[in-house]
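Biologist: Please take me on a close look at one small sheet in this model, strand by strand. I'd also like to hear what packs against it, and then a few words on the rest.

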Amino acid sequence: MKTITLTLKKKSPISLEFDELIPDKIYNWEKADFENYDVPVGNTRFPLTDYFDIEVEGAAEGPEEVKMILDGDMGRVKYIGCEMSAGEIVVNGDADLHCGAQMKGGKITVNGDAESYAGREMEGGELEIMGSTREFCGCSYIGEWRGMSDGKITIHGNAGKQLGECLSGGEIYVKGNCDILAGIHMTKGFIQIDGDVTRWPGGQMKNGNILINGKLGVLLEGLVFDQIVKDPEIEGKNFSGKYIKYTGDIALNGKGGLYLNAEKNRDLL
Amino acid sequence: MEYILKNGIVYDPANDIAGEKMDVMFKDGKIVSNVSSDAKVLDVTDKIVMPAGVDPHAHIAGPKLVVGRIYRPEDSRKGVTPKTDVCRSESGFSIPSCPATGYRYSRMGYGTVVEAAVPPLEAKHTHEEIMAIPNIDVPPLPLFGNNWFVMQYAKEDRIDELAAFISSWLKIVKGYGVKLVNPCGSEAWGWGMNVHGIDDPAPYWDVTSKEVIRALSKANEMLGLPHSIHVHANDIGHPGNTPTTIGTIDCVKDITKNSGVRNQTIHMTHLQFHIYNGTSWRDVESGAGDVTDYINKNKHVTFDVGQITLDETTTMTADGPHEYSLHALNGLKWANKDIELETSSGLVPFIYSGKSPVHSLMWAIGLELFLGTEDPWQVCLTTDHPNAGPFIRYPRIISWLMSNERRQEMMDNKEVHPWAHRKSALATMDREYDFNEIATITRAGPAKIYGFKDRGALTPGFNADIAVYDLNPNDIDPSREPTAIEAAFGAAMYTIKDGQILVKDGEIVKVVPSHTIWTNVKGFEEQENAIMEKVMPDFNRFYTVKFENYKVHDHFTPYPIVVDVQASK
């Protein structure tokens, strides 16, 4: 087991890019390798040691034996764990854009907030955000029609707009509230939101399921009432309570399911 | 500066040199037959030396490309490289950025690439993009097949006026030759329709594709343009389109050629998309046999293949209705770009996969065309970049053509769907191209087809456009080493353009601006003036731009190569 601890000593005003510092690429690096490494910053590179104190303990045979600890405010560190396939990364602070993007395996824990595009195009692994995140969590790349396909994202705080856009697999859990258009264009997968949702979940969805335990502001017209279900079983998971089930988006002949907590959404009954 | 490329093994089909060990010399940008003792020696002992590549059909500059880059940022993120001391950063896979386009062609040993579809209205922008593409010379082909003036003259069979219109318009837009895309069909798309076959008239015009093709061919030969008409036929990508294709080729058979260089009166482009037998995608079969039978008997036609490379790419063509039907087929995002009075184009991303029966059959049909055409001077290597695949796959196609073993292996290993051999004759064809035939279909042939008198051969006096590949033809067995062939043709040991070394060992070492090659017809000035007087009232009435803003001024072609042509011999 190898533990790599990077402690922030100077916050760059321009974002650092960490997609090269993932367990897959650095599992056999020694302390000296980190000290010789220049990290991309904007259109150039600077020594990693300008920004971090580095500690390396233990040895690893492969990426799965690596634990990276990023101490400090990583609010200006992009692409943390981008494309990683194994190992663990713990961020003790906020994370900048694209945290856990294109992740294939392993685990990332953010003990703070994550900026937009967290878990973009995830193919596997687990991303846990203890704080909140912003727009396009678990989404696709700009222009792309293939989004997150597998893995699990858990957000303990709130999520922003277009959560799980183009979702084609995997699971997203939001413990707090969520902004507009969760699950837009989704074709498969599961989204659960425990807090309140502003409006329009499931716009243009073709399939997959969205479950909302809080209060929904505005329902999209493309989702039509199906039935009231008690203690539903959705994708092998059991939920207790009464839910209003909608299907849609009928604009696309969608067969997706939207479940709203009946208790919290009495006005829709 | 004098150079001598020493001891290379030279393939120069235009001069009947097929694998001879000899020196190639050049001085001040031109090939020469001898140099002084001061000449700088480049040792290329036992390496393949060929003229630089000539791509007869690709979409590399113009409004479609811009739409593609705007609406496919997910393509731009592929192939991103940081800038170097010599190169700017690159981006894109199927629609590379302008600099990347130049660098990537240059790395493959190419020196000339034809931009095959320029809407005259957007010619200015096309030239601006050509300015941003380094290292390759670009002849742009303006679109004439759905132009309102052309359709009018074709309908009334006014060939003299049509010829005058073409010679004026080539000057106005700085174009090289005459391109037709789905003649009458792209006009019909303005009404949400298409034409089917060459005898189906465009709505409200009462003129058929056949009449337009014949009229443009006659006008083309009346002027004696260096290239023949360049035709993207009707019914592209529809099962059952083979008769339309053969009908298109056959309808200009009686027209007399007027050129000292080329042999053909019609060049059919991306023929692979046009030769599907059957009535639907369920019973579709290869029509390559019927078409190659015809082509082997008729020398008035040349073609390029448009080989499927089995990649995720972006289709873009000035065939608006076809792009809409592709969108209906694969459900991916569609962009339409209408050009008033002239043409209409569209774009759809496309994922060609070896798992798909239809795509595998298309792959096989392309290879069948290569292997079934007896005379390599009639066939050119293209992918109709980016429609059937990006141009960076040319080396891979070369490796397929040179190795029957590899082709059979792909069919045996299920890298392609069994439809590839069930519905085509590919599995029975064991022909393998040799290096001389490869040199023919990638440089000498296209250069002859375009009537170039300054490139495509290592003749003294020609431009010193030379490619050297790190392969010893006496050592390598292309049949068994397709990977080595692909690697070598993908990274030239030297690419020399106008006597300057641009690529060394697969890396760009020098960046030079592109030349724009355009055709200037002489001796037709009176007719041109007369036609402009006739055209202007309609131009002012129908176009939304003023003529003053339409013309491509000289500063859009800072490095022109003007091909002067004396009209009517």
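Modeller: Happy to! Let's start with a term: two strands count as paired when DSSP finds at least two bridges between them. Strands of a sheet pair through backbone hydrogen bonds, either in the parallel or in the antiparallel sense. Please keep in mind that this is a predicted model.

The sheet to look at is in chain B, where three strands form an open sheet in the order β15-β17-β16, with antiparallel pairing. Its edges are β15(B), residues 312-317, and β16(B), residues 335-339; each has a single partner strand, so one side of each is left without a neighbour in the sheet. On average, and ignoring direction, neighbouring strands here are turned by 15° against each other.

Now zoom in on one pair. β15(B) and β17(B), the latter spanning residues 343-351, are joined by six bridges in the antiparallel sense. Within this pair, you will find M316(B) opposite L347(B) of β17(B).

Next come the helices around the sheet. Helix α1 of chain B, residues 63-71, lies across β15, β16 and β17 of chain B and runs at about 155° to β16(B). Helix α11 of chain B, residues 320-330, also packs on the sheet, touching β15, β16 and β17 of chain B. The direction of α11(B) makes about 25° with that of β17(B).

Stepping back from the sheet, let's turn to the cores. The largest nonpolar core has 158 residues, and those touching the most other members are V49(B), V150(B), I166(B), L216(B), I466(B) and V468(B). Helix α12 of chain B, residues 357-372, gives the most to this core, contributing nine residues. To get a feel for one of the well-connected members, pick V468(B): leaving aside residues up to four places away in sequence, its contacts include L5(B), V44(B), V49(B), A492(B) and Y494(B). There is also a second, separate core of 72 residues, with L6(A), A60(A), M84(A) and Y259(A) among them.

That brings us to chain A, which has two helices and 21 strands. Its C-alpha trace spans about 65 × 35 × 30 Å along the principal axes. The radius of gyration of chain A is 20 Å, which agrees with the value near 18 Å for a compact globule of 269 residues. Of those 269 residues, 46% count as buried. For contacts in chain A between residues at least 6 apart in sequence, 38% join residues at least 24 apart.

Terms used:
Residues are numbered from 1 along each chain as its sequence is written. Chains are lettered from A and ligands numbered from 1 in the order in which they are written. This is a predicted model: local features need pLDDT of at least 70, side-chain atom pairs count only at pLDDT 80 or more; totals for chains, interfaces and linings use all residues. Helices (H or I, at least four residues) and strands (E, at least two) are DSSP runs, numbered from the N terminus. The radius of gyration is taken over C-alpha atoms; the globule rule is 2.2 Å times the number of residues to the power 0.38. A residue is buried if 20 or more other C-beta atoms lie within 10 Å of its own, exposed if 12 or fewer, and partly exposed in between; C-beta atoms are placed from the backbone. Two residues are in contact if their C-beta atoms, placed from the backbone, lie within 7 Å. A nonpolar core is a set of buried Ala, Val, Leu, Ile, Met, Phe, Trp, Tyr and Cys residues joined through C-beta atoms within 7 Å. Axes are lines fitted to C-alpha atoms, for helices over the stretch in contact, and angles run from 0 to 180 degrees between N-to-C directions.
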